[in-house]
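Please work through the following exercises with the sequence and the structure in view. Attempt each task before reading its solution.

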Amino acid sequence: TRGNTNPELQAQAERTEDWFNIFLTELAHEYYPDFKRMLGWLYWAGTTIRKVYYDPVLRRPTSQFIRPQDFVVNYGTSSLNTCWRMTEVLRLTPRELEKRQSVRMYREVDLTPVDEGDNNSKITNRVDYVEGMNRPGYDKNITYELYECHTYLDLTNYENNDTLIDEPNELGSTDLPYIVTIDRKSKAILA
């Protein structure tokens with residue numbers, strides 16, 4: 001244990017532990033299978049990425065494994081702590097996209113679905129082979145490929161809640177963190 005403890009703090013810690021165990025085993029059913037899948041990738045690829053965020057569709061926090069080929073950073077990046085842009089490639093079905101639009105996570109704009117052949121690169125085919133996955137011929141899901149970019153933007157000249165952002169931050173820059181979601185085909189900005 002760290003720091004000073006007392007019976008009240010110990011009781012709070014036990015309540016938190018109990019709630020977290022209930023959350024992971026009864027509410028977030030996807031957590032443990034997804035975690036096991038991530039561990040397999042850790043052995044095979046040598047690195048893994050987890051994204052922890054509040055999901056407005058599920059209306060709760062969630063933790064999701066991102067496959068290495070779906071996580072993009074600048075070529076020269078040596079640390080995610082100093083990286084100025086991290087991008088996740090999202091592939092959504094029309095139903096998943098509509099759910100996200102219905103909770104106002106994404107704007108309702110016309111998007112272009114990705115052709116079935118667009119995603120069949122040699123790497124994707126090899127990874128599917130190693131995972132033992134093979135898409136059946138009848139499964140022709142129409143998918144949308146989105147880029148969710150976590151980046152810093154300088155919006156000095158743009159309005160934000162009826163006020164201009166012109167105050168530099170503690171580093172002397174007007175760059176602020178944003179999450180920008182872009183459709184790959186149409187280049188439309190969803191969020």
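The exercises below concern a predicted model and go from the whole chain to a single residue.

**Exercise 1. Describe the fold of the chain in outline.**

Solution. Begin with the secondary structure, which amounts to four helices and eight strands. Next, place these elements in order: along the sequence they follow the pattern α-α-β-β-β-β-α-α-β-β-β-β. Then turn to the contacts between residues at least 6 apart in sequence, of which 58% join residues at least 24 apart. Finally, consider the surface: the accessible area is about 14200 Å², with 53% belonging to carbon and sulfur atoms. Of the 191 residues in the chain, 25% are buried.

**Exercise 2. Check whether the length of helix H1 agrees with its number of residues, and state how its N-terminal end is capped.**

Solution. Helix H1 covers residues 7-27, which is 21 residues. The expected span is 1.5 Å times one less than the number of residues, and for H1 this gives 30 Å. The C-alpha atoms at the two ends of H1 are 29 Å apart, which agrees with the expected span. As for the N-terminal end, Asn6 caps H1 through a side-chain oxygen that lies 3.0 Å from the backbone nitrogen of Glu8.

**Exercise 3. Classify Cys83 and Cys149 as buried or exposed, and give the number of disulfides.**

Solution. The cut-off for a buried residue is a relative accessible area under 20%. Cys83 has a value of 8% and is therefore buried. Cys149, at 12%, is likewise counted as buried. The number of disulfides is a separate matter, and the count is zero.

**Exercise 4. Describe how strand E2 is placed, and then the surroundings of Ser63.**

Solution. First, find the partner of E2: strand E1 (residues 49-55) pairs with E2 in the antiparallel sense over seven bridges. As one example of the pairing, Tyr53 has Thr62 in E2 as its bridge partner. Between E1 and E2 the hairpin has four residues, and Arg59 takes a positive phi near 60°.

Second, judge how E2 is covered. Five of its seven residues are buried, so E2 is largely enclosed by the rest of the structure.

Third, locate Ser63, which lies in E2, a strand of residues 60-66. With a relative accessible area of 13%, Ser63 falls under the 20% cut-off and is therefore buried.

Last, list its surroundings. Beyond neighbours within four places in sequence, Ser63 is in contact with Tyr31, Asp34, Arg50, Lys51 and Val52. With Arg50, the side chain of Ser63 forms a side-chain to side-chain polar contact of 2.9 Å.

Definitions and conventions: Residues are numbered from 1 along each chain as its sequence is written. This is a predicted model: local features need pLDDT of at least 70, side-chain atom pairs count only at pLDDT 80 or more; totals for chains, interfaces and linings use all residues. Side-chain values use heavy atoms; hydrogens and water are left out. A polar contact is a pair of N or O atoms within 3.5 Å; within protein, one must be able to donate a hydrogen and the other to accept it, and residues adjacent in sequence count only if both atoms are side-chain atoms. Buried means under 20% relative accessible area, exposed over 50%, partly exposed in between (1.4 Å probe, protein chains only). Contact means heavy atoms within 4.5 Å. Accessible areas come from the Shrake-Rupley method with a 1.4 Å probe; for residues, only the protein chains shown count as cover. A disulfide is a pair of cysteine sulfur atoms within 2.5 Å. Two strands pair if DSSP finds at least two bridges between them.
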